[in-house]
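Please examine the sequence and the structure shown below. The report that accompanies them is intended for a reader who is new to protein architecture.

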Amino acid sequence: MPKTSVLGNCFMCGETAAKIAMKNHLIKAHDNGAEPCRLILAEGAYVKNYWLLFSIAIDTPMATVDKFLRQIWCECCGHLSQFDRNQSTKIALLAPKQKISYEYDMGSMTEIVLTVLDEISRPPQKEKICLLARNMPHVEACNTCGAPATFINAWDDAFACAACAQNSEDADAMLPFVNSPRTGVCGYEGTLDRWAFDPHKPFPQIPPASKKQSKAGE
Ligand SMILES: [Zn+2]
Ligand SMILES: [Zn+2]
Ligand SMILES: [Zn+2]
């Protein structure tokens with residue numbers, strides 16, 4: 001059995017599986033519909049047990065991918081970001097197996113690698129990007145007392161429970177420990193991430209787009 005830290009949830013049916021098994025599950029169980037898409041894997045470049053699998057319409061500009069990655073994983077202070085390719089590229093121009101790297105914040109950088117896994121289809125929908133699966137939140141112990149950690153120290157990456165975070169000499173450096181490769185970096189708190197998996201919610205789990213987002217978007 002793989003460690004909990006590498007398992008993820010399918011947002012379409014609730015299945016639990018590790019990354020590669022999840023990819024195979026999505027292709028087998030959720031490749032169905034009239035809209036042609038690509039199946040994309042996003043991973044932290046150095047922390048690969050943060051991962052996302054999503055379908056994306058082939059006419060989607062890279063700017064939409066940037067917006068999605070900022071919302072789910074990156075945005076803290078409106079830092080600059082870049083792909084290692086022309087931002088005007090469309091997903092349709094990417095071939096399976098192709099990798100794209102993404103950098104958010106040129107100072108305290110978070111690096112993400114996107115891999116085009118396959119051609120896939122889905123029922124037509126308004127959102128260009130549909131999150132299909134994601135790693136479960138990581139479980140870490142408080143470095144001081146061993147209780148489950150809910151904070152991370154931005155200065156030294158130590159984990160802390162709420163009580164130890166509050167009593168710490170480094171209380172000012174404590175950030176919420178969240179499900180992103182950017183956790184503990186700069187001022188990242190994950191406040192725009194609206195894709196938390198909920199086993200009690202009906203499937204498929206598609207987060208409601210806020211009015212602001214649908215106006216700005218796509
Ligand atoms: Zn599923
Ligand atoms: Zn920042
Ligand atoms: Zn503690």
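The following sections describe the chain as a whole and then its sheets and helices.

## Overall dimensions

The structure is a predicted model. Its protein chain contains 4 helices and 11 strands. Along the principal axes, the C-alpha trace spans about 55 × 40 × 35 Å.

The radius of gyration of the protein chain is 18 Å, which agrees with the value near 17 Å expected of a compact globule, because such a globule is considered here for a chain of 218 residues. Of these 218 residues, 36% count as buried. Among the contacts with a separation of 6 or more, 58% are made by residues 24 or more positions apart. Much of the contact pattern thus joins parts of the chain that are 24 or more positions apart in the sequence.

## The sheet of 8 strands

An open sheet is built from 8 strands, and its order is β2-β1-β8-β4-β3-β7-β6-β5. The pairing in this sheet is antiparallel. At its edges stand β2, covering residues 16–18, and β5, covering residues 81–83. Each of these edge strands pairs on one side only. From one strand to the next, the twist averages 30°.

One pairing in this sheet can be followed at the level of residues. Strand β1, made of residues 7–10, pairs with β2 in the antiparallel sense over 3 bridges. Within this region, G8 is placed opposite A17 of β2.

## Helices packed on the sheet

Helix α1 comprises residues 19–29 and lies across β1, β2, β3, β4, β7 and β8. Its direction is at about 125° to β2. In sequence, β3 covers 35–44, β4 covers 51–57, β7 covers 110–122 and β8 covers 129–135.

Helix α2, formed by residues 62–74, also packs on the sheet. The strands that helix α2 touches are β3, β4, β5, β6, β7 and β8. Its direction makes about 55° with that of β6, which consists of residues 99–104.

## The sheet of 3 strands

A further open sheet has 3 strands in the order β10-β9-β11, with antiparallel pairing. Its edge strands are β10 (159–160) and β11 (174–176), and each of them pairs on one side only.

Strand β9 consists of residues 151–153 and pairs with β11 in the antiparallel sense. This pairing extends over 3 bridges. In it, N153 stands opposite M174, a residue of β11.

Terms used
Residues are numbered from 1 along each chain as its sequence is written. Chains are lettered from A and ligands numbered from 1 in the order in which they are written. This is a predicted model: local features need pLDDT of at least 70, side-chain atom pairs count only at pLDDT 80 or more; totals for chains, interfaces and linings use all residues. Two strands pair if DSSP finds at least two bridges between them. Helices (H or I, at least four residues) and strands (E, at least two) are DSSP runs, numbered from the N terminus. Axes are lines fitted to C-alpha atoms, for helices over the stretch in contact, and angles run from 0 to 180 degrees between N-to-C directions. Two residues are in contact if their C-beta atoms, placed from the backbone, lie within 7 Å. The radius of gyration is taken over C-alpha atoms; the globule rule is 2.2 Å times the number of residues to the power 0.38. A residue is buried if 20 or more other C-beta atoms lie within 10 Å of its own, exposed if 12 or fewer, and partly exposed in between; C-beta atoms are placed from the backbone.
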